[in-house]
Amino acid sequence: MEWSLAHVWLALALVLCLAELTSGVFLFLALGVAAGLTALSAFLGFSLEWQLVTMGVASGLLVPIAVWWIRPCFSPKHVDYGTTGTGVEQGNQYLTERRDFDDATVIRVNGDLYRLRVSETDETELPASTPVLFDRFDGTTAIVHHVQSTDR
């Protein structure tokens, strides 16, 4: 079998689509579809220059669509990925948990467990399900306050 430019573009499309399995951001998938469209233009007999134009235009259209519109449809609602530690969680109330492997007291922030320290007393061990108010991170330790009870 003799390789043509259409075969090369199809092989590139396959590699890019397979690379999407490692990233999950839909960028490689959009580029793979663009390479597939370029393979179609090569199959139809377009010159190399027009194939490159096809790849450029298809990428320019598909990448923003995939990243800005399609990817958010597959992300859970109300989860701010990449914002942990920026102060977004400050003032939020959490319930303490006990971590399985070392029985440490932790809070779960955006799905991740963080050891805690109470700012007033420097204690690190609290009973499970104790309500605490998040203040800030000190390295990977969550600095928290006891929640003031409103019962009288």
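Is Leu126 buried or exposed? In this predicted model, Leu126 counts as buried, at 5% relative accessibility. It belongs to the loop between S4 and S5. Setting aside residues up to four places away in sequence, Leu126 touches Thr96, Arg98, Thr105, Leu116, Val118, Val132 and His146. Gln51 is another matter: its C-alpha atom and that of Leu126 are separated by 64 Å, with the two positions 75 residues apart along the chain. Gln51 sits in helix H3 and is buried there, so the helices make a sensible next stop.Helices H1 and H2 come first. Their axes approach within 7 Å and cross at roughly 170 degrees. Angles over 145 degrees count as roughly antiparallel, and H1 and H2 are therefore roughly antiparallel to each other. On the H1 side, the contact is made by Leu5, Ala6, Trp9, Leu10, Leu12, Ala13, Leu16, Cys17, Ala19, Glu20 and Ser23. H2 answers with Leu27, Phe28, Leu29, Leu31, Gly32, Ala35, Gly36, Thr38, Ala39, Ala42 and Phe43. Sorted by class, the contact of H1 with H2 has 17 nonpolar, 4 polar and 1 charged residues.

H2 also pairs up with H3. Here the axes come within 8 Å and the crossing angle is roughly 150 degrees. That makes H2 roughly antiparallel to H3, and the crossing in which H2 passes H3 is right-handed. What does the contact of H2 with H3 look like by residue class? It divides into 13 nonpolar, 5 polar and no charged residues. From H2, the residues involved are Leu27, Ala30, Leu31, Val33, Ala34, Ala35, Leu37, Thr38, Ser41 and Ala42. They meet Gln51, Thr54, Met55, Ala58, Ser59, Leu62, Val63 and Ala66 of H3.

Now for H3 on its own terms. The helix covers residues 48-70, and its buried residues are Gln51, Met55, Ala58, Ser59, Ala66 and Val67. These pack against helix H1 (5-23) and helix H2 (27-43). Trp68 lies in H3 too, but this tryptophan is exposed, with a relative accessible area of 62%. Its C-alpha atom is separated by 9.7 Å from that of Phe26, and the two residues are 42 apart along the chain.

On to the strands, starting with Thr105. This threonine is found in strand S3, which takes in residues 105-109. Its relative accessible area is 1%, so Thr105 is buried. The side chain of Thr105 joins that of Glu125 through a polar contact of 3.4 Å. Once neighbours within four places in sequence are left aside, Thr105 is in contact with Thr96, Glu97, Arg98, Tyr114, Arg115, Leu116, Thr124, Glu125 and Leu126. Leu126, the residue that opened this section, has Thr105 among the residues it touches.

Arg115 picks up the thread from Thr105, as the two are in contact. Arg115 lies in strand S4 (residues 112-118) and is partly exposed, at 38% relative accessible area. Beyond four places in sequence, its contacts are Arg99, Asp102, Ala104, Thr105, Val106, Glu125, Thr140, Thr141 and Ala142. For Ala104, the C-alpha separation from Arg115 is 6.9 Å, with the pair 11 residues apart along the chain. Glu125 appears in the contacts of Arg115 and also in those of Thr105.

The loops bring in a couple of backbone details. Where is Asn110 placed? It sits in the loop between S3 and S4. Its phi is near 50 degrees, a positive value in a residue other than glycine. Asn110 is partly exposed, with a relative accessible area of 36%. Ser129, which is not a glycine, likewise has a positive phi, of about 65 degrees. That serine is found in the loop between S4 and strand S5 (131-138), and Leu126 is placed in the loop between S4 and S5 as well.

Strand S5 itself contains Asp135. A polar contact of 2.7 Å links the side chain of Asp135 to the side chain of Arg136. With neighbours within four places in sequence left aside, Asp135 is in contact with Gln90, Ile143, Val144 and His145.

How values were computed:
Residues numbered from 1 in each chain as written. Predicted model: local features only at pLDDT ≥ 70, side-chain atom pairs only at ≥ 80, totals over all residues. Heavy atoms only, no water. Buried < 20%, exposed > 50% of the residue type's maximum accessible area, 1.4 Å probe, protein only. Helix = DSSP H or I, 4+ residues; strand = E, 2+ residues; numbered from the N terminus. Contact = heavy atoms within 4.5 Å. Axes fitted to C-alpha atoms, helices over the stretch in contact; angles between N-to-C directions. Parallel < 35°, antiparallel > 145°, perpendicular 65-115°, else oblique. Left-handed = near helix turned anticlockwise from the far one by under 90°. Nonpolar A, V, L, I, M, F, W, Y, C, P; charged D, E, K, R; others polar. Polar contact = N/O pair within 3.5 Å; in protein donor to acceptor, adjacent residues only side chain to side chain.
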